[in-house]
Amino acid sequence: MNSGPIRTVVIAGGGTAGWMAAAALSRLHGNGVTRVVLVESEEIGIVGVGEATIPPIKTFNAMLGIDEDAFLSATQGTFKLGIEFANWERDGASYVHPFASFGTDIEGVKFHQIWLKLRASGIPLPLSDFSLCIAAAQHNRFDRPDGDPRSPLSQLDYAFHFDASLYARFLRAYAEARGVVRHEGRITRVHLHPETGFITALALDDGRSIEGDLFIDCTGFRGLLIEGALGAGYEDWSQWLPCDRALAVPSMRTEPLYPYTRSTARDAGWQWRIPLQHRTGNGYVYCSDYLSEDEAAATLLANLDGEALGDPRPLQFRTGIRTQPWVKNCVALGLASGFMEPLESTSIHLVQVGIAKLLALFPDRSFPAHERDEYNRLTALQWAYIRDFLILHYHQNARAGLPFWDRCRSMPLPETLMRKMELFRSTGRLFRYEDELFTDASWVAVMVGQGLWPERHDPLADTLDQATVRSMAAGIADVFHRTARAMPTHADFIAQHCAGRPM
Amino acid sequence: MRLDEIAIVGDGLVGWMAAAMLARGSGGARIVLHPKEGPDRSLGLASPAVTLLPADLETLATFGIDEDALIRAAGGAFSLGSGLTGWRMGPGAAFIPYGTLGAPLGPVAFHQLLARARETDPAINLANYALAALCAQSGRFARPGAEDQSVLTTMRHGLHVAAAPFTRWFESDARAHGVALAGDRQTVDEADLIVDASGPESDLAGPFASWECYFPWNRAIAALRPVETDPPLYAHVDAHSEGWQAFVPVQGAIAETVLYRHGQSSASPEGEPVAHGHQIAAWRGKIVSVGGAAAVVDPVAGTALHLAIADVARLVSLLPTGDGKAEADEYNRQWRETIDCAFDYALLHAAAHPSLGATLPSLPDRLAYRINLYEACGRVALFDGETFEEPQWIAAFDALAKRPRRCDALAQGMDRAQVEDHLARVRQVMLQAVAGLPSHSAYLERIVR
C-alpha cells in the first residue's frame, strides 16, 4: 500500500472552481513535497457569467490574504446586501432576503417570535424594518460594517457581485505566483491503474501525460474524471427543481448602481439581474417543458433595463448532485460535483466549502476510506439543506394559473423540508441542523416573503415585558434608515475604494 | 390544544428543576407537581452530587438561574473537567478539560501541531496545554471578568453541586413562581401535558430499548462522604475490574458512585439496579418523559444532569399550542440525536475498560466511524445534538489510547522547531495566567461569604 504525502495534485479544468482550488491548495507547497498543477484549455468555453456570492466568501479571500479592494477592482465587482425577490409570491409582491439578521433576540426569545407577537397585538410592522441591509439597499447605499457591537453599523453584512472569469484570472495570478504550474491543453484520456482503478495520469491532446496522486475534477458538467472515468453516478433532483435551461446576456450598466441582486419570477422560471461595475449581468433560468428557447430569449430581451451587449448565450443543465463527489483519488468541485441553480448564489460557496473540507480531510497516498467517507457525508448534507431552501422558493407560491408554478405548488416535497415548514407554520419555530448554511433569519425572510405565515407565535414571546419590546421596535426602523442615509451611495463607495479599469 | 395545565410527575431533582424552568418558560400555564414515592432516581440512578457542564450553566442562566446563588445554596464547587485512571489509556495521566486545547498556529489546529510534535516525542501530554487542566492540576481558579481578553477566556467551567440542596433550591424557586403540589384527588390525566420526571421505573413509560450489552456494570451504590480537604477542581473516574467508580467533589464532601457487574463479586452489598437504555420515543401523545425516565446513558462521563436539562430546555422551546404533533416529532428527533451522541461518548469509555471492554459486542457504526476517522487523520466527526465539543472528544480519544496515525497535510508542512516553539510559548502564557489565580477554596469562600 502506498503511503507518504501527496506529491502532485492535478486540477483538471480552470474557471472559478479550478483556480479557487489552485489558489487555496498552493499553501500545501509549504510542506516541501506537494506540488499543485492545473490543466485547462483556452478553447473550452467557461460558463463564466456575472456571479453573486454570499458572506462566507470574505473568509475565503481572507484565508488567501487577498485585499478586498484589490480583488473588487480586478473583477469589476460590486457589493451585495441581499437578494430582492420580485413577483415570487405573486405578481406585484416583492421581498428582500437580506444578509445579517433581523432585529435582536431578547432574553433568549428569538426576534422573529417577538415580531410575530407584535403583529398579534395589533402592531404589524414589516419585517424589512428590522434589517439594516434592507434599509441600505432601499437607499442604494453601502458602507463596510463597524466591528463595535454598540454601533448600528455592526448590523450589516455583505458579499459581492463580480465577473467570474475575471475572478478566475485574478486567482490564477495568485496561484501561479505561489508556484502552481499551468498546463495548456485538452484532456483526451484519463488513465486508470489496472488493479486499483485509481487515476494515474491525464493524457493531453499534444501527447503529453500529466501524472499525479490526487486529481481534482473541475471539468464542468461533463465531469470527465469523476463521471467519465470513474462513473460516480448522479442523483437527479429535477423532480424538485425542474428548471433545466438558462439564457445569459450582459447589458449596459444603468444608474443607480443597486447593491443587491434581483430575481424576478417569470412564467416558467426566473430572471436574474447582477450589477457589475462595467455592465449588468442578466439571465433567465427556465424549464424547457413549459417554454421554448425563443420564447425565453424574447422575454429576457424585453426585460432588460439597458441595451443588450450581445446575443443571449444558452446553457443546459440537470439539477442534482454527484452521488459521491470523492471517489478513489478524485474529488469533484464546481459543476463536476453537481448543480443547483443560482437562486441563492450558492455555487461559488459550495466550491469554497468543498475546498475547505478537502484541506481539512486532506489524504496521503494511502487514501484511507475514512476521509473520503466523511467528505462525502458532509457534502451530501450541505447540498441537501441548500436544495431544500431553494425548493421552498418554488413550492410556496401563489402564482395561480401558470402551469409551471401550479406544478411547483403541488409537487411532493423532501421530508426534511416538510418538517421545517410544518413546524414554522404551526408556531413559527425553526431549528438549524447539522451545520446548515442558511440561518433562521434567511428561512424567516423567505418563508414569510413567500406567504407562509405561522398560525401562532411561540408563547415564550408573551413572557417579555411588552412596553420594552414596543419601544425597541418603534425605534429600530428609524435608526436603520438614518444610518443608511448617512452612508455613501454604492456607486460613490466603489469609485472611492475599488474602481476597476474602465472596460 | 390550549396549554392550561402541565402536570409534572416526580418530586426529585428533575421534577423540581422542570417545574422551575417551565414556570418561567410556559407562558402562563398552571403547573402541578405530582410526587412519586421512593428514592430520587430521576437522573437514572441515585446521585448524591451532580455535574453541571459549562453549557448547562449557560442554559440555566437564560432561565434566570444564578451561578453564585447555586454555589451558596448547594455546596457548589467549580469543575474544569474530569480525570481518568485505570482505563486502557495512552501514556501519562489523563484529563479531559473543558474549554479549548492550546492555541492554533495560523490555520493549523492545536491538536494537529501536537501530532506533529509527537513525531519526535510521543510522550507529550495534551493536558499540559489546556488551561483548564493546568488550573485543575494546581488547584487555582477564578472566572474571567467581563472585560477580560486574556487566555483565561479560553477556559470554560462547570459546577459540581450536592443533589439534595440543589433539589430543594429548585423546589423553593418553583413554588415562588406558583407551582403547586397536586391535591389528593387531582390526577395527571386532567393536565394538557404530562412531564414524566419520575425516573426509569415510571408507570407512564412506553416501549424501551436496552443498551445493557454495552455496559455490563448494572448495579450502583452511591454515597456522600464528608471530607475536610478542599474540593479539587475536577471529578475523577477510576476503572476497576467489575466496572468503574466516580468521585464528584462538592464543598465539604465527596460523592462516590460505584457501578459494578452484578453477581461477580461476592463481597459487594446489593446496590440498586441500573437500566441502561432508552424509550423508543420520549414524547408520546401528551406525555413527555425527561431525564432518566426517557433514557439512561452510562453516567461515566457525568452527562445525566446535562441530558435532563437539555430535555426540559428543548420542551420549553417546543411547547405545543396546536395539536402538538409537529412539536412532538421534532422533540423526539432532537432528543434521539442528543442521547445517541452521549451514548457514543460513554461507549468510547466502556470499550476502553481494562477487563470488560473486550467482552462488549462490536461497536455500532456511528462510533466506529468516529474512531476510525480520528485514528486516520485526527479529524473529529461531529453530529447534531453533541454534548461535548471537539476539544473534549480529542482529549477523550487521547486519554483512551487513540492517536491519529498522521497529522494533517498543513501541519506536515510546518517546521518542527517552529511547532515546538509555539507549544512552549502557549504553555508559558498559560502557566503565567494560572499563577495569578487564587486557590479554589479561597475563590469559593469569596462567593459563599
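Me: How do helix 1 of chain B and helix 6 of chain B cross, left-handed or right-handed?
Reply: Their crossing is left-handed. Keep in mind that this is a predicted model.

Me: At what angle do helix 1 and helix 6 of chain B pack?
Reply: About 30 degrees. Their axes are 8 Å apart. Helix 6 of chain B covers residues 163–176.

Me: Which residues make that contact?
Reply: Helix 1 of chain B brings B:Leu13, B:Trp16, B:Met17, B:Ala19, B:Ala20 and B:Arg24. From helix 6 of chain B come B:Phe166, B:Thr167, B:Arg168, B:Phe170, B:Glu171, B:Asp173, B:Ala174 and B:Arg175.

Me: And by class, what does the contact of helix 1 with helix 6 of chain B have?
Reply: There are 8 nonpolar, 1 polar and 5 charged residues.

Me: Over to chain A. How are helix 1 and helix 6 of chain A set, in terms of angle?
Reply: Their axes cross at roughly 25 degrees and come within 8 Å. Helix 1 of chain A spans residues 15–25, and helix 6 of chain A spans residues 164–177.

Me: Parallel or antiparallel, then?
Reply: Roughly parallel, because angles under 35 degrees count that way.

Me: Which way does helix 1 of chain A pass helix 6 of chain A, left-handed or right-handed?
Reply: Helix 1 of chain A passes in a left-handed crossing.

Me: Who touches whom in that contact?
Reply: On helix 1 of chain A, the residues are A:Gly15, A:Thr16, A:Trp19, A:Met20, A:Ala22 and A:Ala23. Helix 6 of chain A has eight names to read off: A:Ala164, A:Tyr167, A:Ala168, A:Leu171, A:Arg172, A:Tyr174, A:Ala175 and A:Glu176.

Me: How do the residues of that contact divide?
Reply: Into 10 nonpolar, 2 polar and 2 charged.

Me: Now between chains. At what angle do helix 10 of chain A and helix 9 of chain B cross?
Reply: Roughly 120 degrees, with the axes coming within 9 Å. Helix 10 of chain A is residues 369–395, and helix 9 of chain B is residues 365–377. The two helices are therefore oblique to each other. Their crossing is left-handed.

Me: Which residues meet there?
Reply: A:His370, A:Glu371, A:Asp373, A:Glu374 and A:Arg377 meet B:Tyr369, B:Asn372, B:Leu373, B:Ala376 and B:Cys377. The contact of these two helices divides into 4 nonpolar, 2 polar and 4 charged residues.

Me: Change of topic. How many cavities of 30 Å³ or more are there?
Reply: A search of the whole structure finds 6. The largest cavity holds about 430 Å³ of space.

Me: Which residues are closest to the centre of the largest cavity?
Reply: B:Thr51, B:Val248, B:Pro299, B:Ala301 and B:Gly302, out of 32 that line the largest cavity. Elements giving two or more residues to the lining include strand 13 (243–250) and helix 8 (325–350) of chain B.

Me: How does the lining of the largest cavity divide?
Reply: Into 22 nonpolar and 10 polar residues, with no charged ones.

Me: What volume does the largest pocket have?
Reply: About 1600 Å³. The largest pocket is lined by 50 residues. Nearest its centre lie A:Phe431, B:Thr59, B:Ala313, B:Arg314 and B:Ser317.

Me: Which helix gives the largest share of the lining of that pocket?
Reply: Helix 7 of chain B, with 7 residues. Among the other elements supplying at least two residues are helix 4 (111–120) of chain A and helix 2 (54–62) of chain B.

Me: And the classes in the lining of the largest pocket, how many of what?
Reply: There are 17 nonpolar, 18 polar and 15 charged residues.

Me: Last topic, the backbone. Is the peptide bond from A:Glu255 to A:Pro256 cis or trans?
Reply: Cis, with omega near -5 degrees. A:Pro256 sits in the loop between strand 14 (245–251) and strand 15 (261–266) of chain A.

Me: What about A:Gln76, is its phi positive or negative?
Reply: Positive, about 55 degrees, although A:Gln76 is not a glycine.

Me: Where is A:Gln76 found?
Reply: In the loop between helix 3 (68–74) and strand 4 (78–80) of chain A.

Terms used. Residues numbered from 1 in each chain as written. Chains lettered and ligands numbered in written order. Predicted model: local features only at pLDDT ≥ 70, side-chain atom pairs only at ≥ 80, totals over all residues. Heavy atoms only, no water. Axes fitted to C-alpha atoms, helices over the stretch in contact; angles between N-to-C directions. Helix = DSSP H or I, 4+ residues; strand = E, 2+ residues; numbered from the N terminus. Parallel < 35°, antiparallel > 145°, perpendicular 65-115°, else oblique. Left-handed = near helix turned anticlockwise from the far one by under 90°. Contact = heavy atoms within 4.5 Å. Nonpolar A, V, L, I, M, F, W, Y, C, P; charged D, E, K, R; others polar. 1 Å grid on protein atoms, 1.4 Å probe; cavity = no way out; pocket = protein on both sides within 12 Å on 5 of 7 lines; lining within 4 Å. Points joined across faces, edges and corners; volume = space filled by probe spheres on them.
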